[in-house]
Amino acid sequence: MKQNVAHKFGQGLTPRQFVEGMTKNQQAFESWYEKFAWEDQDDRAYFESLNHRDDLRVLILAADWCGDVVRNVPVVFRILETAGIRTEVLILEENQEVMDDFLTMGGRAVPIVIFADTGGYVLGHWGPRPEHVQSLMREFKRENPDREAPDYESKIAEVRKAMGQAYGEGTESHAVIAKELRSLISGF
């Protein structure tokens, strides 16, 4: 049976309310939002073409303390604005039951961008980070399953540094996110 999130429609924050309510990382979040620019005009045209669709809803699980939210959600906001898709943000700490339906490798990781139809049936989801960045964490978890190992903390610090490098210095990951979202949405 498909997951249904209809009970959460109307319960979240608008993107603007989320940004205005941020107590951490607001300036960095807004900076990434302002830096967004379409690198691929075909992607932009694709998302603009979605404006006629009124059958999609998006819920984004997020927390303002999370670096991946700060890097990725501004880009997702800009893409979804272009597409005209109704979007709400669910604060992770207030929506644990939804988060538990969208675990990443068994853990709670945000952001999770949930696409649903107007009836609330989940069509797909994206997150918490672009695939080329997430693959580093997947490999780390596979090679380091014991969180109690004496070198676990130093190794996770290394992989987090590598993930930061994989994001790139600037807006390189923005076009990647657009392509990944386009690929996902094209499937429904």
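Biologist: In which loop does Met105 lie?
Modeller: This is a predicted model. Phi of Met105 is positive, about 50 degrees, although the residue is not a glycine. Met105 lies in the loop between α5 and β3.

Biologist: Is Met105 buried, partly exposed or exposed?
Modeller: The relative accessible area of Met105 is 40%. Buried needs under 20%, and exposed needs over 50%. Met105 falls in between, so its class is partly exposed.

Biologist: Which peptide bond partner of Pro111 is joined to it in cis?
Modeller: Pro111 is found in the loop between α5 (96-99) and β3 (112-117). Omega of the cis bond is about 10 degrees. The residue joined to Pro111 by this bond is Val110.

Biologist: What is omega for the peptide bond from Gly127 to Pro128?
Modeller: Pro128 sits in the loop between β4 (122-126) and α6 (131-143). The bond from Gly127 to Pro128 is cis. Its omega is near 10 degrees.

Biologist: Which helix residue touches Pro111 and Pro128?
Modeller: Pro111 and Pro128 each follow a cis peptide bond. Both appear in one contact list, which also includes Trp126, Arg129, Pro130 and Ile177. The residue that touches them has its place in helix α4 (residues 67-83). That residue is Asn72.

Biologist: Is Asn72 buried or exposed?
Modeller: The relative accessibility of Asn72 is 0%. The buried class takes values under 20%. Asn72 therefore counts as buried.

Biologist: Which side chain makes a polar contact with the side chain of Asn72?
Modeller: The polar contact spans 2.9 Å. Its partner is also among the residues that Asn72 touches, a list that includes Pro130 and Ile177. The partner side chain belongs to Tyr167.

Biologist: What is the relative accessible area of Val58?
Modeller: Val58 has its place in strand β1 (residues 56-62). Beyond its neighbours within four places in sequence, Val58 is in contact with residues including Leu80, Ile85 and Thr87. Val113, Ile114 and Phe115 are also among its contacts. Val58 is buried, with a relative accessible area of 1%.

Biologist: How far apart are the C-alpha atoms of Val58 and Arg86?
Modeller: Along the chain, Val58 and Arg86 are 28 residues apart. Arg86 is one of the residues in contact with Val58. The C-alpha atoms of the pair are separated by 6.2 Å.

Biologist: What separation do the C-alpha atoms of Ala175 and Glu148 show?
Modeller: Ala175 has its place in helix α8 (residues 172-185). Outside its neighbours up to four places away in sequence, Ala175 touches Glu39 and Asp43. Glu148 is 27 residues from Ala175 along the chain. Their C-alpha atoms are separated by 37 Å.

Biologist: Which residues does Glu30 touch, not counting those up to four places away in sequence?
Modeller: Glu30 is found in helix α2 (residues 26-35). With a relative accessible area of 32%, Glu30 is partly exposed. Its C-alpha atom is separated from that of Leu59 by 20 Å. The residues that Glu30 touches are Arg16 and Val19.

Biologist: What is phi of Asn25?
Modeller: Asn25 is found in the loop between α1 (15-20) and α2. At 36% relative accessibility, Asn25 counts as partly exposed. Asn25 is not a glycine, but its phi is positive. The value is near 65 degrees.

Biologist: What pattern does the protein chain follow along the sequence?
Modeller: The chain holds eight helices and four strands. Read along the sequence, the pattern is α-α-α-β-α-β-α-β-β-α-α-α.

Biologist: What radius of gyration does the protein chain have?
Modeller: For 188 residues the globule rule gives 16 Å. The chain comes close to this, so it is as compact as a globular protein of that length. Its radius of gyration is 16 Å.

Biologist: What share of contacts between residues at least 6 apart joins residues at least 24 apart?
Modeller: Of the 188 residues, 45% count as buried. The C-alpha atoms fill a box of roughly 55 × 35 × 35 Å along the principal axes. The share of contacts joining residues at least 24 apart is 76%.

Biologist: How far apart are the mean positions of the positive and negative charges?
Modeller: The chain exposes about 9700 Å², with 48% of it from carbon and sulfur atoms. It carries 22 positive and 31 negative charges. Their mean positions are apart by 1 Å.

Terms used. Residues numbered from 1 in each chain as written. Predicted model: local features only at pLDDT ≥ 70, side-chain atom pairs only at ≥ 80, totals over all residues. Heavy atoms only, no water. Helix = DSSP H or I, 4+ residues; strand = E, 2+ residues; numbered from the N terminus. Buried < 20%, exposed > 50% of the residue type's maximum accessible area, 1.4 Å probe, protein only. Contact = heavy atoms within 4.5 Å. Rg over C-alpha atoms; globule rule 2.2 N^0.38 Å. Areas by Shrake-Rupley, 256 points an atom, 1.4 Å probe, with all protein chains shown as cover. Lys, Arg positive; Asp, Glu negative; His and termini not counted. Charge placed at Lys NZ, Arg CZ, Asp CG, Glu CD. Polar contact = N/O pair within 3.5 Å; in protein donor to acceptor, adjacent residues only side chain to side chain.
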